[in-house]
Amino acid sequence: MMENKVELEKTQQKIEGKKELLVTFQKAYRFEGKDYENVDLTGLYDLKIEDAIDVQRQLLNRQEIAGIMLSETTIAFARELAAKATKKPVEFFQLMPRREGNQIRKMVYTFLNVEYSVENGVLTLSQPYCYKGKEYQAVDLNGITELNTMHESAAENELARAGFVVTENSFNYLYACVIAGMATGLGKEFFTGLPLFELVKLKNAVNSTDFFG
């Protein structure tokens with residue numbers, strides 16, 4: 001656990017030009033007797049893909065269907081990540097007026113939807129990533145084409161053991177990590193430990209039609 005924490009800190013230290021993610025409200029929002037004129041979401045940089053997986057699981061347990069299937073586009077998903085990033089109770093975001101809530105959603109959505117490049121099956125990471133003493137700047141996902149239906153079943157079983165109902169796998173972040181882990185031989189933990197801003201591009205890359213042509 002300590003080794004992973006140190007490696008995450010090393011990765012975070014390499015993140016240059018970290019943008020301030022301050023959401024400023026047009027009108028002060030009162031919560032539990034205190035007025036808030038803004039919310040700082042810069043803590044999103046401290047989250048990992050495993051945090052997004054936890055959020056998907058929480059939404060499933062609460063039967064937030066939209067938040068499970070269309071996660072990164074929904075306000076339910078955004079407010080859960082915002083709560084983790086700010087360490088505020090989720091009720092702070094649940095009770096927020098729609099206008100301010102949508103400001104939060106847009107900021108989270110923009111943070112997650114970074115540009116990415118996959119050339120010849122190789123996914124370029126946004127920032128260097130340290131894992132088990134080695135630095136990675138890209139990940140070769142071409143092994144996905146070599147996986148068979150037994151690998152697919154194993155991935156589905158892993159989702160079930162983690163508490164997910166297997167529906168459409170392409171929406172599930174844990175599924176993307178498991179498949180990528182199998183394809184690269186790096187294991188799912190390599191991918192669940194990636195910074196949160198690598199989330200959507202990893203999911204999209206794993207499910208790219210280039211690997212199923």
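**Close-up 1. Helix α4, mostly covered.** In this predicted model, helix α4 takes in residues 75-86, and 10 of its 12 residues are buried. The buried set is Ala 76, Phe 77, Ala 78, Arg 79, Glu 80, Leu 81, Ala 82, Ala 83, Ala 85 and Thr 86. From first C-alpha to last, α4 reaches 16 Å, close to the 16 Å expected at 1.5 Å a residue. Just past the helix comes Lys 87, with a positive phi near 60°.

**Close-up 2. Arg 62 meets Glu 80 of α4.** Here the side chains of Arg 62 and Glu 80 join in a salt bridge, 2.1 Å from N to O. Arg 62 sits in the loop between α2 and α3 (65-69) while Glu 80 belongs to helix α4, so this pair ties together parts that are 18 residues apart in sequence. How do the two partners rank for burial, at 40% relative accessibility for Arg 62 and 5% for Glu 80? Arg 62 counts as partly exposed, whereas Glu 80 is buried.

**Close-up 3. Tyr 45 against Phe 111.** A search of the whole structure turns up 14 aromatic pairs, and this view shows one of them, Tyr 45 with Phe 111. The arrangement is edge-to-face, with 5.1 Å centre to centre and 85° between the planes. Tyr 45 comes from the loop between β2 (34-40) and α2 (49-61), and Phe 111 from helix α6 (residues 98-112), so the pair ties together parts that are 66 residues apart in sequence. Tyr 45 counts as buried at 11% relative accessibility, and Phe 111 is buried too, at 7%.

**Close-up 4. Tyr 129 against Phe 190.** How do the rings of Tyr 129 and Phe 190 meet, stacked or edge-to-face? Their planes lie at 80° and their centres are 5.0 Å apart, so the pair is edge-to-face. Since Tyr 129 lies in strand β4 (residues 122-131) and Phe 190 in helix α9 (residues 188-192), this pair ties together parts that are 61 residues apart in sequence. Both rings belong to buried residues: Tyr 129 has 4% relative accessibility, and Phe 190 has 0%.

**Close-up 5. An aromatic cluster, plus a lysine.** Ring pairs link Tyr 29, Phe 31, Tyr 36, Phe 92 and Phe 93 into a cluster. One of these rings, that of Phe 92, also has a charge for company: the charged end of Lys 88 sits over it, 5.1 Å from the ring centre.

**Close-up 6. Asp 35 and Arg 30, with Glu 32 in the loop.** Asp 35 and Arg 30 form a salt bridge, their closest N and O atoms being 3.1 Å apart. Asp 35 is partly exposed at 42% relative accessibility, and Arg 30 is exposed at 53%. Glu 32 belongs to the loop between β1 (22-31) and β2. What sets its backbone apart is the phi of Glu 32, a positive value near 50° in a residue other than glycine. With a relative accessible area of 72%, Glu 32 is exposed.

**Close-up 7. Lys 132 and its positive phi.** Most residues other than glycine have a negative phi. Lys 132 is not a glycine, yet its phi is positive, about 50°. Where is Lys 132 found? Look in the loop between β4 and β5 (134-140). Lys 132 is exposed, its relative accessible area being 60%.

**Close-up 8. A buried salt-bridge pair, Glu 198 and Lys 201.** The structure holds 9 salt bridges, including this one between the side chains of Glu 198 and Lys 201, at 2.7 Å from N to O. Are these partners buried or exposed? Both Glu 198 and Lys 201 are buried.

**Overview. Stepping back to the whole chain.** The protein chain has 10 helices and 5 strands. Of its 213 residues, 46% count as buried. Its accessible surface comes to about 11,300 Å², and carbon and sulfur atoms hold 48% of that. Among contacts with a separation of 6 or more, 65% join residues 24 or more positions apart.

How values were computed. Residues numbered from 1 in each chain as written. Predicted model: local features only at pLDDT ≥ 70, side-chain atom pairs only at ≥ 80, totals over all residues. Heavy atoms only, no water. Phe/Tyr/Trp six-rings, centres within 6.5 Å; stacked < 30°, edge-to-face > 60°. Helix = DSSP H or I, 4+ residues; strand = E, 2+ residues; numbered from the N terminus. Buried < 20%, exposed > 50% of the residue type's maximum accessible area, 1.4 Å probe, protein only. Lys NZ or Arg CZ within 6 Å of the ring centre and 35° of its normal. Contact = heavy atoms within 4.5 Å. Areas by Shrake-Rupley, 256 points an atom, 1.4 Å probe, with all protein chains shown as cover. Expected span 1.5 Å × (residues − 1). Salt bridge = Lys/Arg side-chain N within 4 Å of Asp/Glu carboxyl O.
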